[in-house]
Each structure stands twice: as structure tokens, then as C-alpha cells.
Amino acid sequence: MHNAVNNPFWYGESVGSLLGRDADVGVVVDALTNAGRLLLMGWRHFGKTSILHAACAEVTARGVAVLRYDAEAFESLEALAREMASGATRTFATSLDHAGDIARRFFALLGAGASYDFTSQQLTIEFALTAAQRQRPITVLTVVLDGIEQLAATHGRPAAVVLDEFHEIILEGGDRAAHELRATVASHRYTGYAFASSNLRLMDELMNRGSAPLQGLADARVLGAISRHDFRPLIRRGLASAGAPDGASAGAPADDAGIEEILDLAEDVPRNVQWLCSGCWDDLRAGRTSSLTTTAAGAALDRIVGEHYSQYMLVWANLTSAQRRTLKAIAHEPSADFRLTEVAGAAGLAPSTMQRTLAALEDRSLIRYAASDTGTQRGVQWRLSDPFFAHWLARAQGTT
Ligand SMILES: Nc1ncnc2c1ncn2[C@@H]1O[C@H](COP(=O)(O)OP(=O)(O)OP(=O)(O)O)[C@@H](O)[C@H]1O
Ligand SMILES: [Mg+2]
């Protein structure tokens, strides 16, 4: 088994050790263990979920009842609330009878009952909602949160609620939902909260602008990029472990320019850095290349984009013509608003159409409005959330 060296890079479903995020994890752990409230804001693929994951592991080890959900994964607020009530009951119940008691006592307002599904071997909570409750699903969620708070208080065991892609809740429920949620969360003393969101613009509006329905919801923390200084040694070490194709561990050389090329092509987006590194590692391992050069990095990217051709095509196919033109302009060159207005004009789009298009692309997480300090173009620019999309587009349109 001399060949059994695993790819050290991680992305997608797998979880690896975190670079440069100790302080972020620490702040989340703090909030969750001390009934605090934290909102972690970061662009797509910058590492929010990984931080929540690491913090939850630590907090769970300290005996806190952790309930963690991805709001984006549910079809409705009601479904999310039901899953949270089920999770809380599973965590606090010591027997099936006890689960029934918990449902009736702590989620009484929702007509809750516990049942055991023998197929999935899971305890689940079902609600018998009134028509009024069905009309206002945010209330179902806040009743569940109150129930969790009371469960924690009654059992003398702190609880922690972690909601990833938190903005989905507000997008579904609107401003009134935001108010209601904020008030509920603020009243809790035994439950710590951590929220994460990749929609920075919406979160900023909700917390800081105008009527700001989420003002004071939580301490906000914005996630920065992981510095190249931290990434370089990890990449170098990781690629060296690819060794020679026959498993001899001479170590594959990676030149500095090659490593820099990976970071450039991935635009420092952590997911894309790991993804491309992983691809380079595979190429080295399989002997497709013998050392990491800039050319090898480019070839690995080309292979990745080719392998995910249909996924990218699907995203593209679901865009309107105006969205495609805008996305293409941004893919071609990260652009400030004013630049895009010129581009829009040239493409025959009215400025107002352009603004709507940008908002739609942003809501779909395809683009982000981010500060840039590269080269001479300081300021704020639109960029693609997934830098590889630009390479796919160039390939699809035959310009490479
Ligand atoms: N601290 C880190 N060190 C090294 N790699 C990281 C780190 N954080 C994230 N990554 C890389 O970025 C990928 C995306 O991380 P994660 O899913 O946590 O980000 P996210 O912000 O939740 O993304 P999304 O917006 O897609 O939900 C990880 O799978 C990993 O490849
Ligand atoms: Mg995530």
C-alpha cells in the first residue's frame, strides 16, 4: 500500500483543518457558550460554514446543546422550524416518553407531538398549526426558539442555535419577520446564537440602514480573505506530498510562480484555492505533470472546468439575456458600477435594467461587490463569486 497517500486539499463535502481562522472560531465559540449573539458575514466560499463547523465541535464538547441548520436547505420557514424542534427534542429527551412531554410542554403553542419513524430511526416533531400560524411562519420559528430557550433554562444546560445562510429567513419572511426574530433572540438568556450570511449587502441594509429591522441583532464580524502568507506553505507542503507517480516520495517540486498562479487563478477565494490545489495534486500524482509550474496550474484549471462543464452550463442556461451580458462583462474584467454602466450602454441595456440585473445576479450569489486593492484600480468592484466561472465561459464561447 505504498501508494495510499491521500490528497491533502479539501473542498466540497469534506472538512479539513482551518488556516488563519482561530480568532473567528474563538469569537463564535464565545457567543455560543455565553448566550451571546454573533453574525458572521463573508462572501461565498470564504469559509463561513467551516468556521461554524469548527466552533460547533468545540462548543458541543463543552456540553452545550448545539442546534445547527442551513436555512438555505429548507423549502420553507415552517420546515426549518419543525426540524429545529425535532433536533432540540432529540438533544434534550432521555426517552420517547420524555420526548412526548417536551413536545407538549415546550412547543405547546404549535400543537406539537413527537413521533418515532422506524424507517429513519429518527424522532421527529410534527406540528398541528392553526390557519393564522400558517399565514405567519416566522411566528412558528420564534415559538420554536422560545421553546429551545425554555428547554435550556429548565434543564440547566445551555443551548446554542446556529443558522447558516441566515438571510434566507429574512428573504422569505420580510421586514416584519426580521423585527420579530430580533426581538425573540434578544430576549433569550440561555441560548447563544451564531448566524452566517453571504449576502453582505442585504445584511448591511437590515442592520444599519433606514428602519434597520435587524439593528442590534448580533455583533457583526466580516470575514476577510485568508492571507497568501498563510496559504503558500500549505500549498507547498501539500503538493510535495503528491510525490512521484510510482509512489516514491521524492516530493514534487512546486515553483514559486506556480503557487502564485494558483492563488491568482483562484482570486484568493479559499474554496477555489483548495479546489485548484487538489486538481494540481491529482495531476502530479497521476504523472500528468512532473512539477507545479504556471502552465501546470492552468492545465489543472482547464481540466476542472471541463469536468464541471455541465454544472456551469446549467447555471448559465438559467440566466436571462441581460444577466448573461452583465455576467460576461464582469467575467471579462472586474468592474466598478460606472464601468458597467458604460458596458451596459454599449450592449444596449438601460442603466436601470443594469442595476436590476446586478441585484438579481447578486441575490443568486453569482457576483459579489467587493473591495479591491490590486494594481491601480482601488475601490469597490463587482467580481464573480466563483472565479472559475470566467474560465468556463471563455472555454464555452471558444475564446481560449
Ligand atoms: N480556514 C480555511 N483554511 C483553508 N481552506 C479553507 C478555509 N475555509 C474555507 N476553506 C476552503 O473553502 C471551502 C469553502 O468553505 P466553506 O464552505 O466553509 O465556505 P462558505 O463561506 O460557507 O461557502 P458557501 O458560501 O459556499 O456556503 C472549503 O471547503 C475549503 O476548501
Ligand atoms: Mg457555507
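Is Tyr 369 buried, partly exposed or exposed? Tyr 369 is partly exposed, at a relative accessible area of 30%. The model is predicted. This briefing takes up its aromatic pairs, its ligand and a few single residues.

**Aromatic rings**

- The count of aromatic pairs comes to twelve.
- One of the pairs joins Tyr 369 and Trp 382. Their ring centres are 4.5 Å apart, and the planes meet at 40°. The pair is therefore classed as tilted, since stacked requires under 30 degrees and edge-to-face over 60.
- This pair links distant parts of the chain. Tyr 369 belongs to strand β8 (residues 367–372), and Trp 382 belongs to strand β9 (residues 379–384). The two residues are 13 residues apart.
- The partners differ in exposure: Tyr 369 is partly exposed at 30%, whereas Trp 382 is buried at 5%.
- One aromatic cluster is made up of Tyr 309, Tyr 312, Trp 316, Phe 389 and Trp 392.
- A charged residue also meets a ring: Arg 157 lies over the face of Phe 92, at 5.7 Å from the ring centre.

**Ligand 1**

- Ligand 1 is surrounded by 19 residues. The closest are Trp 10, His 45, Lys 48, Thr 49 and Ser 50.
- Lys 48 has a polar side-chain atom 2.6 Å from an oxygen atom of the ligand.
- Backbone atoms take part as well. A backbone N or O atom of Phe 46 is 3.3 Å from an oxygen atom of ligand 1. For Arg 271, a polar backbone atom is 3.1 Å from an oxygen atom of ligand 1.
- On its own, ligand 1 has 630 Å² of accessible area, and the protein covers 91% of that.

**His 188**

- His 188 sits in the loop between α7 (167–186) and β6 (191–197).
- Is His 188 buried or exposed? His 188 counts as buried because its relative accessibility is 4%, and the cut-off for buried is under 20%.
- The side chain of His 188 makes a polar contact of 2.7 Å with the side chain of Asp 146. Another polar contact of 2.7 Å joins the side chains of His 188 and Tyr 193.
- Setting aside neighbours within four places in sequence, His 188 is in contact with Leu 145, Asp 146, Glu 149 and Tyr 193.

**Positive phi angles**

- Most residues other than glycine have a negative phi. Two exceptions follow.
- Ala 35 has a phi near 55°, a positive value. Ala 35 lies in the loop between α1 (22–33) and β1 (37–41). With a relative accessible area of 25%, Ala 35 is partly exposed.
- Glu 165 has a phi near 50°, also positive. Glu 165 is placed in the loop between β5 (159–164) and α7. Glu 165 is buried, with a relative accessible area of 4%.

**Cys 277**

- Where does Cys 277 lie? Cys 277 is part of helix α11 (residues 270–285).
- Cys 277 counts as buried, at 1% relative accessibility.
- Not counting residues up to four places away in sequence, Cys 277 touches Phe 9, Ile 235, Leu 239 and Ile 262.
- Cys 277 and Thr 89 are 188 residues apart in sequence. In space, C-alpha to C-alpha, Cys 277 and Thr 89 are 42 Å apart.

Technical notes
Residues numbered from 1 in each chain as written. Chains lettered and ligands numbered in written order. Predicted model: local features only at pLDDT ≥ 70, side-chain atom pairs only at ≥ 80, totals over all residues. Heavy atoms only, no water. Phe/Tyr/Trp six-rings, centres within 6.5 Å; stacked < 30°, edge-to-face > 60°. Helix = DSSP H or I, 4+ residues; strand = E, 2+ residues; numbered from the N terminus. Buried < 20%, exposed > 50% of the residue type's maximum accessible area, 1.4 Å probe, protein only. Lys NZ or Arg CZ within 6 Å of the ring centre and 35° of its normal. Near = heavy atom within 4 Å. Polar contact = N/O pair within 3.5 Å; in protein donor to acceptor, adjacent residues only side chain to side chain. Areas by Shrake-Rupley, 256 points an atom, 1.4 Å probe, with all protein chains shown as cover. Contact = heavy atoms within 4.5 Å.
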